[in-house]
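Look at the sequence and the model below. We will go through two topics: enclosed spaces, then cysteines.

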Amino acid sequence: MTEGNGRVPTDIVKRAIKPSVPSSELMTPGHLACQGCAATLSMRYALKGLGSETVLVIPACCWTVLAGPAPRSAVGVPLLHAPFAAAAATACGVKAGLRARGDQTTQVVAWAGDGGTFDIGLQSLSGAAERNEDIIYVCYDNEAYMNTGIQRSGGTPAHAWTMTTPGSSGSDLPKKDLDAILRAHHIPYMATATVAYPEDMVRKFSKARQIKGFRFIHILSPCPPGWKTEPDQTVRLSRLAVQTGLFMVYEVEQGKMRLSVPVPKRKPVGEYLAGQGRFKNFTPADVEAVQKSVDESWARLADEKA
Amino acid sequence: MKKVLMGNHAAAMGAMLAKVDVVSAYPITPQTQVVEFLAEQKAKGAFAGQYLKVESEHSAMAELLGAATAGARCFTATSSQGLAYMHELLHWVAGARLPVVMVDVNRALAAPWNLWTDQSDSLSQRDTGWMQFYCSTNQEVLDTVIMAYRIAEEVHLPAMVVLDGFTLSHTYEPVDIPDAERVDAFLPRYAPSQILDTKTPLSFGALAQPKEYFRLRRRMAADMKRAEDVIMTVGRDFGESFGRRYGLFDAYRCDDADAILVTSGAVGCTAKAAVDALREKGYAAGNLRLRVFRPFPADALAAFVRPGIPLAVIDRDYSPGGTGIWFEEIKAALYSREVRPPVYGFIAGLGGGDITSELLQEAWLKTLSGRAAEAEASWVEDAR
């Protein structure tokens, strides 16, 4: 590194900065994501934690497009595109194929959206989790079928607007508690993360990589076109989702849950909901209902701890 | 070494001799014993490959998509509803040009529930890009599984080895089990050039623009056509190594025949008995048993038929709104040719009904006398 290149003050360079997020890059800037896409940032951090001995399996989702059309690829690791319902099974197959070649170390990662995880891919995900297959499964959850143009999925929160839940009250169904379903599979490791806490996200991927068996990582992934937000709000919303208590950031290892980002004093959920076009029809009563459900889940958590 | 084996075990034995790396499977009647046998051999330490249990046929084939892309030789078996459930993956694996081999044990599709043999399950996968081989004996099942790997790996297309539910799958026959070392010499290890490898990071299955997609499909069509020659070469090599030679079809007493039965699968064996019975009655009957449905051996068939010698095509399948599937394929294959004998179709034995020697003789006699309908297949049932 040349000192004093006019951008970095010399004294800082001399102090030999140790970045809190690894400076290695396995993702290239040539992806096809929308501005402010958290799924893109998440992949960048995930690969920093996973390293180059990784194979990605991606079912139909935004990332099918983001990765780039043939023969280009935005990731510096092997990538296998897979059918919508079969991310987990395809990943298990890749692991078996690598084993057959004598490769025991390469990490296979299924990388799916919420539609491919909560809905169409759930059977295959459950099978792989139940058999404790040696793969990491990641769900980047942007809370609707965004790639096809914003339709409701099992990950869509109650009353959110989507193209298939139009009208003033939005979806009348609550978000499926996928994490509870995964916990019931008693897998060795599961975690949640958002791009607002990159060190935490990278650490979770490096940690997951060291563990054998089925690992699940759930990322809340703001989507500006689908959430009707500005691209520069992605990190802020990721943080607010955590600080309001709507999205808990935690790890579960061998059945033991630990909050990774404690929230001693939760902000009102209204701060998170406001400014998101998908919630623009929310009445004060709707906001209150969300607040009530968040308060209840934290009370349950406190009870469990006690 | 000769052993008495049921068709399902002959199929599994073929996969073991082919030294498959990965088996991923889900049970369904009447295929179940194929995967049970492999699980048992695995438990006994006689099978060195990986045996993966999954939660559905869709996942079984998805696992093979992953494993084959990582460079493994892959096997599975299914039947009927299971094959239908796999349908999406069949297109995927063929488009990805992966030489997966699968055994399908023919069984009718619901509704209503039916467990017995019927070719509608495999024939309805016609346009997925899989080669399809129809077997008439348990020996042929074992041999064809081994040959299928060599053919598939040469033309980079998956192959389906088909046998009749119960009629072959659960019937014991003497089977000569080839020597493992000689199978190794006949079938070298699978060594694909492009695989999932972190040292050379490649992307597989990424979005292709219309021009690229068109060219890829055209290349697939050319390789499917090329497969006809490869099947012949591999069948001849197999004959040299093991004493049993296979081709695109198996002609029985056809040289001087006045009319020819056209059959597939185990019905092909019954048809030989029907031909013998007709010959004893003084009729010049013959049987042409087709072994390969995809690629459809149109050129070979056109070269085989003779002017004015009618064909009696037996279909244990039916395309609603169309007619017998083999019947349609054969007519389409001959339409543009100079020699175009009359072709008659007979739909028989759907849902596992017996296709007896008597029924086949009746079809042959109707064909000889020109009493069968020409445009549409006749529905025929065994009277007993």
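On a 1 Å grid over the protein atoms alone, a cavity is a set of points where a 1.4 Å probe fits but cannot get out, and its lining residues have an atom within 4 Å of a point. This is a predicted model: local features need pLDDT of at least 70, side-chain atom pairs count only at pLDDT 80 or more, and totals for chains, interfaces and linings use all residues. Residues are numbered from 1 along each chain as its sequence is written, chains are lettered from A in the order in which they are written, and side-chain values use heavy atoms, without hydrogens and water.

The structure holds 3 cavities of 30 Å³ or more. The largest has a volume of about 60 Å³, a volume being the space filled by probe spheres set on the points, which are joined across faces, edges and corners. Its lining is made of B:Gln119, B:Asp164, B:Thr263, B:Ser264, B:Val267, B:Ile314, B:Asp315, B:Arg316 and B:Ile355. Strand 11 (259–264) and strand 14 (311–315) of chain B are the elements that give two or more residues to this lining. Strands are DSSP runs (E, at least two residues), numbered from the N terminus.

Now the cysteines. How many disulfides does a search of the whole structure find? It finds 0 over all chains. A disulfide is a pair of cysteine sulfur atoms within 2.5 Å. The sulfur of A:Cys34 is too far for a bond, because the closest cysteine sulfur, in A:Cys223, is 6.3 Å away. For A:Cys139, the closest cysteine sulfur is in A:Cys61, at 9.5 Å, so that is too far as well. A:Cys139 is buried (under 20% relative accessible area), at 0%.

Technical notes
On a 1 Å grid over the protein atoms alone, a cavity is a set of points where a 1.4 Å probe fits but cannot get out, and a pocket is an open set with protein on both sides within 12 Å along at least five of seven lines; lining residues have an atom within 4 Å of a point. Helices (H or I, at least four residues) and strands (E, at least two) are DSSP runs, numbered from the N terminus. Buried means under 20% relative accessible area, exposed over 50%, partly exposed in between (1.4 Å probe, protein chains only).
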